[in-house]
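I opened my notebook to work through one protein model. I wanted to see what sits against what, one element at a time.

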Amino acid sequence: MNVELTRFRVRPGKSSKVEEWLNFLNEHMDDVLVTLEGEKMYVETIFHEVLNGEEYLYWYSVRGEGGVDVDESDHWIDKRHLEYWDEYIDASFGSVDLNTKVVMVPEKVRASMDF
């Protein structure tokens with residue numbers, strides 16, 4: 001099981017488009033959830049923050065081993081998601097992986113995950 005929290009900076013001036021992106025994901029949640037199974041993504045959550053005038057998105061995920069990467073997917077929702085990503089995430093910033101220190105998942109929840 002991989003548990004991750006990663007920060008990405010939004011390109012300046014793209015706030016309204018980021019809202020469009022997040023709304024798109026929420027509006028197409030049934031399709032989004034279908035793609036998560038192939039990725040062995042058990043939980044994926046996107047957080048938003050503005051800090052010192054900079055805008056960031058954080059991805060929190062709990063993922064099993066051996067899933068398909070989103071950039072290898074042929075599903076239309078993943079293709080659209082990556083188009084948004086390429087346009088609105090600041091690649092010059094890179095990403096910041098926060099350090100996982102404690103993972104608390106009850107056994108009955110772990111048992112339902114296909115590791």
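**Entry 1: Arg 9**

Which residues does Arg 9 touch, not counting residues up to four places away in sequence? I kept in mind that this is a predicted model. I found Arg 9 in strand β1. I then looked up its contacts. Arg 9 touches Glu 54, Glu 55 and Tyr 56, and also Tyr 88, Ile 89, Asp 90, Ser 92 and Phe 93. Is Arg 9 buried or exposed? Its relative accessible area is 19%, so Arg 9 is buried. The cut-off for buried is under 20%.

**Entry 2: the strands**

Next I followed the strand pairs. β1 covers residues 2-9, and eight bridges join it to β3. The two run antiparallel. β1 also has three bridges to strand β4, residues 95-97, again antiparallel. I checked Phe 8 in both pairings. In β3 its bridge partner is Leu 57. In β4 its bridge partner is Ser 95.

Then I turned to strand β2, residues 41-51. It pairs with β3, residues 54-63, over 10 bridges in the antiparallel sense. Here His 48 has Leu 57 as its bridge partner. I noted that Leu 57 is named as a partner of Phe 8 and of His 48.

What links β2 to β3? They form a hairpin with two residues between them. In the turn, Asn 52 has a positive phi of about 50 degrees.

**Entry 3: helix α1**

I took the length of α1 as a check. Helix α1 runs over residues 15-27, which is 13 residues. At 1.5 Å a residue it should span 18 Å, and its end C-alpha atoms are 18 Å apart, so the two agree.

Which residues of α1 are buried? They are Val 18, Trp 21, Leu 22, Phe 24 and Leu 25. These cover an arc of only 150 degrees around the axis, which puts them on the same side of α1. I wrote down the general rule beside this. An α-helix has 3.6 residues a turn, so residues three or four places apart point the same way.

The buried residues of α1 pack against α2 (29-39), β2, β3 and α3 (76-88). The face turned away from that buried side carries the exposed residues Ser 16, Asn 26 and Glu 27.

I also looked up Lys 17, which is in α1. At 35% relative accessibility, it counts as partly exposed. Leaving out residues up to four places away in sequence, Lys 17 touches Tyr 84 and Tyr 88. Lys 17 and Glu 87 are 70 residues apart along the chain, but their C-alpha atoms are separated by 9.2 Å.

**Entry 4: helix α3**

I ran the length check on α3 too. It has 13 residues and reaches 19 Å from its first C-alpha to its last, close to the 18 Å expected. Its buried residues are Ile 77, Asp 78, His 81, Tyr 84 and Tyr 88. Seen down the axis, they fall within an arc of 120 degrees, so they line one face of the helix. What covers them includes β1, α1, α2 and β3.

Glu 83 lies in α3 as well. Its relative accessible area is 44%, so Glu 83 is partly exposed. I compared its position with Trp 21. The two are 62 residues apart along the chain, and their C-alpha atoms are separated by 9.7 Å.

**Entry 5: Ser 73**

Where is Ser 73? I found it in the loop between β3 and α3. At 16% relative accessibility, Ser 73 counts as buried. Its side chain reaches the backbone nitrogen of His 75 at 3.0 Å. It also makes a polar contact with the side chain of Asp 78, at 2.6 Å. Beyond four places in sequence, Ser 73 touches Val 68, Asp 78 and Lys 79.

**Entry 6: the core**

Last, I looked for the largest nonpolar core. It has 14 residues. Val 18, Trp 21, Leu 25 and Leu 57 have the most contacts inside it. α1, β3 and α3 each supply at least two residues of this core. The largest share, five residues, comes from α1. In soluble globular proteins, nonpolar side chains tend to be buried together.

I closed with Leu 57. Leaving aside its neighbours within four places in sequence, its contacts include Val 18, Trp 21, Leu 22, Ile 46 and Ile 89.

How values were computed
Residues are numbered from 1 along each chain as its sequence is written. This is a predicted model: local features need pLDDT of at least 70, side-chain atom pairs count only at pLDDT 80 or more; totals for chains, interfaces and linings use all residues. Side-chain values use heavy atoms; hydrogens and water are left out. Two strands pair if DSSP finds at least two bridges between them. Helices (H or I, at least four residues) and strands (E, at least two) are DSSP runs, numbered from the N terminus. The expected span of a helix is 1.5 Å times one less than its number of residues. Buried means under 20% relative accessible area, exposed over 50%, partly exposed in between (1.4 Å probe, protein chains only). The arc is that of the directions from the helix axis to the C-beta atoms. Contact means heavy atoms within 4.5 Å. A polar contact is a pair of N or O atoms within 3.5 Å; within protein, one must be able to donate a hydrogen and the other to accept it, and residues adjacent in sequence count only if both atoms are side-chain atoms. A nonpolar core is a set of buried Ala, Val, Leu, Ile, Met, Phe, Trp, Tyr and Cys residues joined through side-chain atoms within 4.5 Å.
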